[in-house]
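Please look through the sequence and the model first, and then read the report below with both at hand.

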Amino acid sequence: MSKITAAITCVNGYVPETVLTNKELEQMVDTNDEWIRSRTGIVERRIQKETGKATSDMAVEAVKGLLEKRGLGADELDVVIFSTITGDLIFPATANILCDKIGAVNAWGFDLAAACSGFLFGLETGANFIESGHYKKVLVVGGDKMSSIIDYTDRNTCIIFGDGVGAVLLEPNTEGFGIMDRILKTDGSGREFLHQKAGGSLMPPTHETVEKRMHFVYQEGKTVYKFAVINMAEVSHQIMLRNGLTSDDVDWLVAHQANKRIIDATAERMGIGSEKVLINIDRYGNTTNGTLPLLLWDFEKKFKKGDDLILSTFGGGFTWGAIYIKWAYNS
Ligand code: COA
């Protein structure tokens, strides 16, 4: 019997309608459009404004569209993995809430927390479910309502992040397409440079934690940048070497959208030209777990069956990694 690989067979995404531009941020904090564009590549980001709406609501839109595209009922899904750091509630898992909202009555699911690397880790987890032969349809969702944990008085972080959710469907493939290889890493000693101080079991919420604005993203940008730029480039290069891929072989770099300069450095290390580098950071900012599936969604029409894609990321934790995919379909 041919080897079973896990192939992405459909992608979809959702970003909220409300746009937050650099110009608008100029009215909120001491920053300017030119600084944000030149230091990050971001021009605008989307924000989920409506009261009472959460991460799962963006996922519902993304997944409903995905099921429609693939011609599937929600009851045909076997497993739902939701990579997010801004779940609707501390518990239960947002995967469960999503299953309920879309009617995925035959699926079981769970959330996966690995900050900006969550989607990549989710993809690897889902791929193993498929490769085991036990499951045929695994949905991997990645996305965040970052605006719910961003301090819009802190210019170090509020200019970077946005809201959005993407989703992919994994199905078995026996023709040699799909997820070919992966290198995934964590280093928990990096947690001090990027985290949310309060709200967890270490520091449950109190009046004081709220007053001290400890429920927001805290980032030492310069240090995170240094680690990100080295590790994302290195792991992307490593996965090429390990699979005998030259820069000519790689068709697309699908890299986490945290900072355009980090993406450019990764492409340079891989020796690939900018025409192969997918970018949507200008429109969405950093959507954390959403960046990779939103890129796949935005650029799906460019991919051809057999294209070699390198997905790579770096995020809080620290967490980072790269996955090599042989694309399985023509749109
Ligand atoms: N507008 C204007 N000036 C700003 C600013 C803003 N929004 N934010 C910071 N500055 C200022 C700083 O105060 C500093 O001023 P100083 O030199 O007078 O002290 C100067 O700009 C440079 O700050 P620095 O933090 O060194 O900027 P940077 O070039 O490192 O860019 C980030 C900041 C956050 C964009 C960048 O560090 C980054 O992208 N970090 C990594 C993010 C990432 O990859 N995260 C991982 C996954 S989420």
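The report that follows treats a predicted model, beginning with the ligand and its surroundings and then turning to the backbone, the cysteines and a few single residues.

## The shell around the ligand

The ligand is surrounded by 23 residues, and those that come nearest are T31, R39, R155, K222 and N259. Sorted by class, this shell holds 9 nonpolar residues, 9 polar residues and 5 charged residues. Both parts of the protein take part, since at least three residues of the shell are drawn from domain 1 (5-176) and at least three from domain 2 (180-326).

Some side chains can be followed to the ligand atom by atom. In T31, an N or O atom of the side chain lies 2.6 Å from a nitrogen atom of the ligand. For R155, the corresponding distance from a side-chain N or O atom to an oxygen atom of the ligand is 2.9 Å, while for W35 a side-chain N or O atom is 3.5 Å from an oxygen atom of the ligand. Taken alone, the ligand would expose 950 Å², and the protein buries 76% of that area. Two or more residues of the shell are given by each of the elements α2 (33-40), α6 (155-158), α8 (221-242), α9 (260-270) and β12 (308-315), and among the contributors α8 has the largest share, with 4 residues.

## Two cis peptide bonds

Most peptide bonds are trans, and against that background two places along the chain deserve attention. The bond that joins F91 and P92 is cis, with omega at about 0°, and P92 itself belongs to the loop between β4 (79-83) and α4 (94-102).

Another cis peptide bond joins G317 and F318, where omega is about -5°. F318 is placed in the loop between β12 and β13 (319-326), and β12 is also one of the elements that give two or more residues to the shell around the ligand.

## Positive phi angles

Most residues other than glycine have a negative phi. Which angle is positive in A115, although this residue is not a glycine? The angle is phi, with a value of about 50°, and A115 sits in the loop between β5 (108-112) and α5 (118-131). A115 counts as buried, because its relative accessibility is 17% and the cut-off for a buried residue is under 20%.

R213 is also a residue other than glycine with a positive phi, in this case near 55°, and its place is the loop between α7 (207-211) and β10 (217-219). The relative accessibility of R213 is 41%, and therefore R213 counts as partly exposed, a class that lies between the cut-offs of 20% and 50%.

## Cysteines without a disulfide

A disulfide is a covalent bond between the sulfur atoms of two cysteines. How many disulfides does the structure hold? The number is 0, and the distances between sulfur atoms help to explain this. The cysteine sulfur closest to that of C10 is in C99, and because the two are 17 Å apart, they are too far from each other for a bond. Seen from the other side, C99 is likewise in no disulfide, with the sulfur of C10 as its nearest cysteine sulfur.

Both of these cysteines are covered by the protein: C10 is buried with a relative accessible area of 4%, and C99 is buried with a relative accessible area of 8%.

## Three buried residues in strands and a helix

V141 belongs to strand β6 (residues 138-145) and counts as buried, because its relative accessibility is 0%. Between the C-alpha atoms of V141 and Q219, which are 78 residues apart along the chain, the separation is 25 Å. F314 is part of strand β12 and is buried as well, with a relative accessible area of 4%. Along the chain, F314 and G118 are 196 residues apart, and their C-alpha atoms are separated by 9.7 Å.

The third residue, T157, lies in helix α6, one of the elements that give two or more residues to the shell around the ligand. T157 is buried, with a relative accessible area of 1%, and a polar contact of 3.0 Å joins its side chain to the side chain of D154.

Note on methods:
Residues numbered from 1 in each chain as written. Predicted model: local features only at pLDDT ≥ 70, side-chain atom pairs only at ≥ 80, totals over all residues. Heavy atoms only, no water. Near = heavy atom within 4 Å. Polar contact = N/O pair within 3.5 Å; in protein donor to acceptor, adjacent residues only side chain to side chain. Areas by Shrake-Rupley, 256 points an atom, 1.4 Å probe, with all protein chains shown as cover. Nonpolar A, V, L, I, M, F, W, Y, C, P; charged D, E, K, R; others polar. Domains from an automatic or database assignment. Buried < 20%, exposed > 50% of the residue type's maximum accessible area, 1.4 Å probe, protein only. Disulfide = S-S within 2.5 Å.
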